[in-house]
Amino acid sequence: MDDKMKTITEIKNEFKKASLEERRILLREYQEDTRSGVLAILQKYHKQEEKLHQEELRIEAMKAYEKQYEHLGYVCGIDEVGRGPLAGPVVAGAVILPKDCKILYLNDSKQLSERKREELYDVIMDQAVAVGLGYVSHTRIDEINILQATYEAMRQAVSKLAVKPQILLNDAVTIPQVEIPQVPIIKGDAKSISIAAASIVAKVTRDRLMVEYDELMPEYGFASNKGYGSSVHIEALKKYGPSPIHRHSFIKNFV
């Protein structure tokens, strides 16, 4: 059968089953077909192509810092999650991505849906040159304050990398007691793919941990609030008192 004689449904199914490269071939193949149904299909996938192109440009722009420092060797992005919650640890991520990194949709983890973060977590863990994670507990946070605990988590994350980076790109901070050169970048998780990847890894890791705590202490709603001070969480805190993972220095106003 001539391609132009294919039904609209057949063509639609062709596009659905096609890989990205195959879709691009199909777009060229059917560009002469003037049937309204085919034109609608082509318009849909042309829009998808344009969105993908814009995302590729956005990610390329987010590689500016990585390209600036890649001559030094391994570039590592660092970010933390959990400075604000009333309960649970602060978690830091350190990620070294390959120079030819092709991962799309990397961004500040707060800008991504939970589902997207989970998807990207798997891709990052699969493709990264190295990933390090640092955890500092609620008790340690109470002992040394949240800022010092954050630095401690970041140092841990760097120390757990399988390869040593030559430069650190940090989200906004300069980490004390680290010999590796550092570049603090304001809102770095939206400006650097390495910091964005670290943000995602740290966020997913901490969220999963809080879901586990929720199974042990369901009354506080940790699975949904992740330890942050939601109204339900604060009411539970007043009703049941602090759990074993609450930060006492954070909950003085509620208990």
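**Figure 1. Pairing of G93 with L133 in the predicted model.** In this predicted model, L133 of β3 is the bridge partner of G93. The two strands concerned, β2 (residues 90-96) and β3, run antiparallel to each other and are joined by seven bridges.

**Figure 2. The five-stranded sheet and helix α7.** The sheet is open, with mixed pairing and the strand order β3-β2-β1-β4-β5. Its edges are formed by β3 (130-136) and β5 (182-185), each of which pairs on one side only. On average, and with direction ignored, neighbouring strands of the sheet are turned by 20° against each other. Helix α7 (residues 146-159) packs on this sheet and touches β1 (75-81), β2, β3 and β4 (167-171). The direction of α7 makes about 150° with that of β3.

**Figure 3. The largest nonpolar core.** This core comprises 25 residues, of which V95, L97, L106 and I124 touch the most other members. Two or more residues are contributed by each of α3 (36-61), β2, α5 (114-127) and α8 (193-216). Helix α8 provides the largest share, eight residues.

**Figure 4. Surroundings of L106.** With neighbours within four places in sequence left aside, the contacts of L106 include E55, R58, I59 and M62. L97, L120 and I124 are also in contact with L106, as are I193, A196, A197 and I200. A second core, separate from the one in the preceding view, has 22 residues, among them A94, V136, A149 and I180.

**Figure 5. I180 in the loop between β4 and β5.** The loop that joins β4 and β5 in sequence contains I180. I180 counts as buried because its relative accessibility is 13%, under the 20% limit. Beyond its neighbours within four places in sequence, I180 is in contact with V158, K164, P165, Q166, I167 and L168. A197 is 17 residues from I180 in sequence, and their C-alpha atoms are 20 Å apart in space.

**Figure 6. The cysteines C76 and C101.** The structure holds zero disulfides. For C76, the nearest cysteine sulfur is that of C101, 13 Å away; a disulfide would require the two sulfur atoms to lie within 2.5 Å, so C76 is in no disulfide. C76 has a relative accessible area of 0% and is therefore buried. C101 is likewise in no disulfide, and the cysteine sulfur nearest to its own belongs to C76. At 2% relative accessibility, C101 is also classed as buried.

How values were computed
Residues numbered from 1 in each chain as written. Predicted model: local features only at pLDDT ≥ 70, side-chain atom pairs only at ≥ 80, totals over all residues. Heavy atoms only, no water. Pairing = 2+ DSSP bridges. Helix = DSSP H or I, 4+ residues; strand = E, 2+ residues; numbered from the N terminus. Axes fitted to C-alpha atoms, helices over the stretch in contact; angles between N-to-C directions. Contact = heavy atoms within 4.5 Å. Buried < 20%, exposed > 50% of the residue type's maximum accessible area, 1.4 Å probe, protein only. Core = buried A, V, L, I, M, F, W, Y, C linked by side-chain atoms within 4.5 Å.
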